[in-house]
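Biologist: Please choose a single part of this model and look at it closely, working outwards from one residue to whatever surrounds it. I would like one connected account rather than a list.

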Amino acid sequence: MDTLSPTVGFLDETGTGEDETDFVNPDLPQLHRMWRNEKYAPELLPFNVRVVQNISEVVEYVGEDLDQDRQDEDQDPNDPSYVLRCKDLERVKYVLR
């Protein structure tokens, strides 16, 4: 007998029944792959300008968004969503360097 999750067959808030998926920038996994390859390669590898520029633009936009959130008076600095977004931004910046 199959075990089904309790949400199977239920509609979401929009009433469409479709799962909401988070957007993942396709350049981010490629940046991580490039970083790992560069880290373990015995020589310098080719530089992919398009990926670095795209991720740099995303980092700039997300940084501005977090700065705006930080300036909001009702923003709790210990809010888990805010803290995780800040940590994720720092991780991407580290890999980008």
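**A close look at Asp-69**

Modeller: Leaving aside its neighbours within four places in sequence, Asp-69 touches Gln-75, Tyr-82 and Arg-85. The model is a predicted one, and everything that follows should be read with that in mind. Asp-69 has its place in helix H2, which spans residues 49-71, and with a relative accessible area of 15% Asp-69 is buried, because the limit for that class is under 20%.

Of the contacts just named, the one with Arg-85 is also a salt bridge, in which the side chains of Asp-69 and Arg-85 meet at 2.7 Å from N to O. Since Asp-69 belongs to helix H2 and Arg-85 to helix H3, the pair ties together parts of the chain that lie 16 residues apart in sequence. While Asp-69 is buried, Arg-85 is partly exposed, at a relative accessible area of 30%. Nor does the pair stand alone, for Asp-65, Asp-69 and Arg-85 are linked in a network of salt bridges.

This network leads on to the way the two helices pack. The axes of H2 and H3 come within 10 Å and cross at roughly 150 degrees, and that angle makes H2 roughly antiparallel to H3, because values over 145 degrees fall in that class. The crossing of H2 and H3 is left-handed. On the H2 side the contact is made by Val-52, Ile-55, Ser-56, Val-59, Val-62, Gly-63, Asp-65, Leu-66, Asp-69 and Arg-70, and on the H3 side by Tyr-82, Arg-85, Cys-86, Leu-89, Val-92, Lys-93 and Leu-96. Asp-65, Asp-69 and Arg-85, the members of the network, are thus found again among the residues of this contact.

Following H3 from there, one comes to Lys-93, a residue of the contact with H2 whose side chain also meets that of Glu-90 in a salt bridge, at 3.9 Å from N to O. Lys-93 and Glu-90 are 3 residues apart in helix H3, and so are separated by about one helical turn. Both count as partly exposed, Lys-93 at 29% relative accessibility and Glu-90 at 44%.

Helix H1 is reached from either of these helices. From H2, Arg-50 forms a salt bridge with Asp-27, the closest N and O atoms being 3.2 Å apart, and this pair links distant parts of the chain, with Arg-50 in helix H2 and Asp-27 in helix H1, 23 residues apart. Here Asp-27 is buried, at 6%, whereas Arg-50 is partly exposed, at 44%. In all, the structure holds 5 salt bridges.

From H3, the link to H1 is aromatic: Trp-35 and Tyr-94 form an edge-to-face pair, 6.2 Å from centre to centre and with 75 degrees between the planes. Because Trp-35 lies in helix H1 (residues 27-40) and Tyr-94 in helix H3 (residues 80-96), the pair ties together parts that are 59 residues apart in sequence. Trp-35 is partly exposed, with a relative accessible area of 31%, and Tyr-94 counts as exposed, at 54%. The structure holds 1 aromatic pair.

Methods
Residues are numbered from 1 along each chain as its sequence is written. This is a predicted model: local features need pLDDT of at least 70, side-chain atom pairs count only at pLDDT 80 or more; totals for chains, interfaces and linings use all residues. Side-chain values use heavy atoms; hydrogens and water are left out. Rings of Phe, Tyr and Trp (its six-membered ring) pair if their centres lie within 6.5 Å; planes under 30 degrees apart count as stacked, over 60 as edge-to-face and the rest as tilted. Helices (H or I, at least four residues) and strands (E, at least two) are DSSP runs, numbered from the N terminus. Buried means under 20% relative accessible area, exposed over 50%, partly exposed in between (1.4 Å probe, protein chains only). A salt bridge is a side-chain nitrogen of Lys or Arg within 4 Å of a carboxyl oxygen of Asp or Glu. Axes are lines fitted to C-alpha atoms, for helices over the stretch in contact, and angles run from 0 to 180 degrees between N-to-C directions. Angles under 35 degrees count as roughly parallel, over 145 as roughly antiparallel, 65 to 115 as roughly perpendicular and the rest as oblique. A crossing is left-handed if the near helix is turned anticlockwise from the far one by less than a right angle, and right-handed if clockwise. Contact means heavy atoms within 4.5 Å.
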